[in-house]
Amino acid sequence: MYNIAEAGRKFVRPAQGWASWSLRLPQNQSESPSIRATLALLVVLCILPISLVAGLLLVNYYKHEQRQLSISVLNQAQSLMLAVDREFAATQAALQALSTSHRLATGDLEGFHNRAEEVLENVQADSIVVVDPSGQLLLSTHLPYGAPLPKLKDRTLLNQILETGKPGVSNLFTGPIVNRPIFTVGVPVKIANTTAYSLNATFTSKQIMAVLQAHGFPDSWRVVVMDSTGHIVARSRDLDKFLGKSVTPDLIDHMRQSNDDSFDSVTLDGVPVLTAFSASPVSHWCVAVGIPKAELTAGLRHTLLRLVFGTAAALGIGLWLAWFVGGRVARSITGLMQPAIELVSGEKLEIPPLHFKEANAMRSALLQASELLQQSRHDAHHDGLTGLPNRTLFHYSVAQQLALCQRNNKELCILFIDLDGFKAVNDTLGHAAGDQLLREVSQRMTRACRESDISARLGGDEFAVALIHSDLEHSRVFATQLVELISQPYMLGGCRAEVSASIGIAHFPSTATDVDTLLAKADHAMYQAKSTGKRRVCLAS
Ligand SMILES: Nc1nc2c(ncn2[C@@H]2O[C@H](COP(=O)(O)OP(=O)(O)OP(=O)(O)O)[C@@H](O)[C@H]2O)c(=O)[nH]1
């Protein structure tokens, strides 16, 4: 079945069809970044600076915390140093009270030995000894009175007491009686305004360890109490290994420069620590507290690690969203490209609804443009009054059919129809009535034709019909019937009107083989019909 509307569309379509057209972007446009890449860049530009700022703030916060911590550690070192000094002061007070014993003044050393043993329990010292200015030990509560006693090897504290007449604390040394590291707290014993003896209490590291442990430092911290030469007297960890050993040279350096300070160092057992130390201006002993750096930075490392993971997760999700949303936006846009190209084909566009408001607005615009284009194409190839194909489309459609007939050895007849007496209708009933009559003639004609036939209005009161696969005889019969059909009266706005028709017929292939000649010959035959009396059919020769 011949579809004239389809023919109208194909009439302007390129040979390969619009779908075969591929989209060629200009060079500079194909190099522009894609929506996905732009969105991904946006995500990266949003997340990375925020994470960077968060990281910097964290590090700053950590540094501030470090400063606070080093102050706090310094305070703890000072507090321990004070506690040690208090122990020394308490011992000195007890010794000073004991030094006023009349037994000493009267030279009753045996009696004093007994008295010292009683006092020993209160001062919690290891022993009490009396030394004469030559350094000779006169008594020691370690041994029964009268037992032979050695002479002091290290006279430093004794000399200090003899010179200043004031109490003092020794450094760590190996006790001549107990033969292990001890230190002493000594006070002068004055008889007749002369320092006659030095009264000393000896201690092992046990007493200082007790003071250290009373402070309850965390197990991981390294806390040392050292004498004025930097030798370890007490240590929170591995005392047996480090007792009497010198602390690290950089700690000694710092101690020389200041009484209180904090700095980064490495302990004797090789642990990097933040060290805070405090030296006593009285005893010149020193306390150092070290917090392992790993412990200090663990929090920051954890938080930074979380930040890195958080950033990675945010980037991952952001990039996935950029990919997903970018893909949707891109698909919405590219989904409109092919319809935009096909728009010129004049075919009715089918575009499924898209994801985005703007893309849907574009889709509506394309659909509207497609409808308008279809309408204007239709208008360009159809007669506005009757809706029949016009001369151009008739010519194109018949040419196609002729080609098919030629290939299949089929016949085709063209009827050239001109109304008789139409002008009189216009003149008597008016132009509008004439228009209505033309419309009715076209309807009668269309109804009479087969669907495969092609009818057209060529202009004015001229029509044409192409009878496909129809021989001359059949066409002549049809044309005669058509003359009668058209000659039936018309009711135009309550008025009766009558016209008839003159028809010329040209036959393919006997009359001619091309559209123009067939039409011209049919036209000529129509004039013959007119000139021989109208309302009749004439065959072209
Ligand atoms: N109403 C109306 N009239 C038209 C239209 N186109 C052309 N005409 C008129 O149609 C008439 C055609 O002229 P003719 O073919 O000479 O008129 P006719 O009375 O049929 O003459 P014959 O063919 O000799 O019988 C003219 O008067 C045109 O003005 C149209 O679209 N509408």
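A residue is taken here as exposed if 12 or fewer other C-beta atoms lie within 10 Å of its own, as buried if there are 20 or more, and as partly exposed in between. In the predicted model described here, Ala192 has 6 other C-beta atoms within 10 Å and is therefore exposed. Ala192 is placed in the loop between strands S5 and S6, and its phi is near 55 degrees, a positive value in a residue other than glycine. A positive phi is also found at Lys534, likewise a residue other than glycine, where the angle is near 65 degrees. Lys534 belongs to the loop between helix H16 and strand S18 and, because it has 15 C-beta neighbours inside 10 Å, counts as partly exposed.

The strands that flank Ala192 also take part in the surroundings of helix H7, since S5 (181-191) and S6 (194-203) are included in what covers the buried residues of this helix, together with H3, strand S7 (222-226), strand S8 (232-235) and helix H8 (239-242). The buried residues of H7 (residues 205-214) are Ser205, Gln207, Ile208 and Leu212. These residues cover an arc of only 160 degrees around the axis, which puts them on the same side of H7. Lys206, Ala210, Gln213 and Ala214, by contrast, are exposed on the face of H7 turned away from the buried side. Just after H7, Gly216 adopts a positive phi of about 60 degrees.

A comparable division into two sides is seen in helix H15 (residues 472-487), whose 16 residues reach 22 Å from the first C-alpha to the last, close to the 22 Å expected at 1.5 Å a residue. Ser475, Phe478, Ala479, Leu482, Val483 and Ile486 are the buried residues of H15. Their arc around the axis is only 150 degrees, which puts them on the same side of H15. An α-helix has 3.6 residues a turn, so residues three or four places apart point the same way. The exposed residues Glu473, Val477, Gln481 and Glu484 are found on the other side of H15. The cover over the buried residues of H15 includes both helix and strand elements, namely helix H14 (431-448) and strands S12 (412-420), S14 (462-468), S17 (500-508) and S18 (537-539). One of these, S17, is followed by a loop that leads to helix H16 (515-531) and in which Pro509 is placed; the peptide bond that joins Phe508 and Pro509 is cis, with omega of about 10 degrees.

Helix H3 (residues 35-99), which contributes to the cover of H7, also packs against helix H5 (residues 109-123), at an angle of about 160 degrees and with the two axes 10 Å apart. Because angles over 145 degrees count as roughly antiparallel, H3 and H5 are therefore roughly antiparallel to each other. The crossing in which H3 passes H5 is right-handed. At this contact, Thr91, Ala94 and Leu98 of H3 meet Ala116, Val119, Asn122 and Val123 of H5.

A further pair of positions links distant parts of the sequence: Ala89 and Val282, although 193 residues apart in sequence, are 9.8 Å apart in space from C-alpha to C-alpha. Val282 lies in the loop between strand S10 (272-279) and strand S11 (286-292), and because it has 14 C-beta neighbours inside 10 Å, Val282 counts as partly exposed.

Definitions and conventions: Residues numbered from 1 in each chain as written. Predicted model: local features only at pLDDT ≥ 70, side-chain atom pairs only at ≥ 80, totals over all residues. Helix = DSSP H or I, 4+ residues; strand = E, 2+ residues; numbered from the N terminus. Expected span 1.5 Å × (residues − 1). Arc of directions from axis to C-beta. Contact = placed C-beta atoms within 7 Å. Axes fitted to C-alpha atoms, helices over the stretch in contact; angles between N-to-C directions. Parallel < 35°, antiparallel > 145°, perpendicular 65-115°, else oblique. Left-handed = near helix turned anticlockwise from the far one by under 90°.
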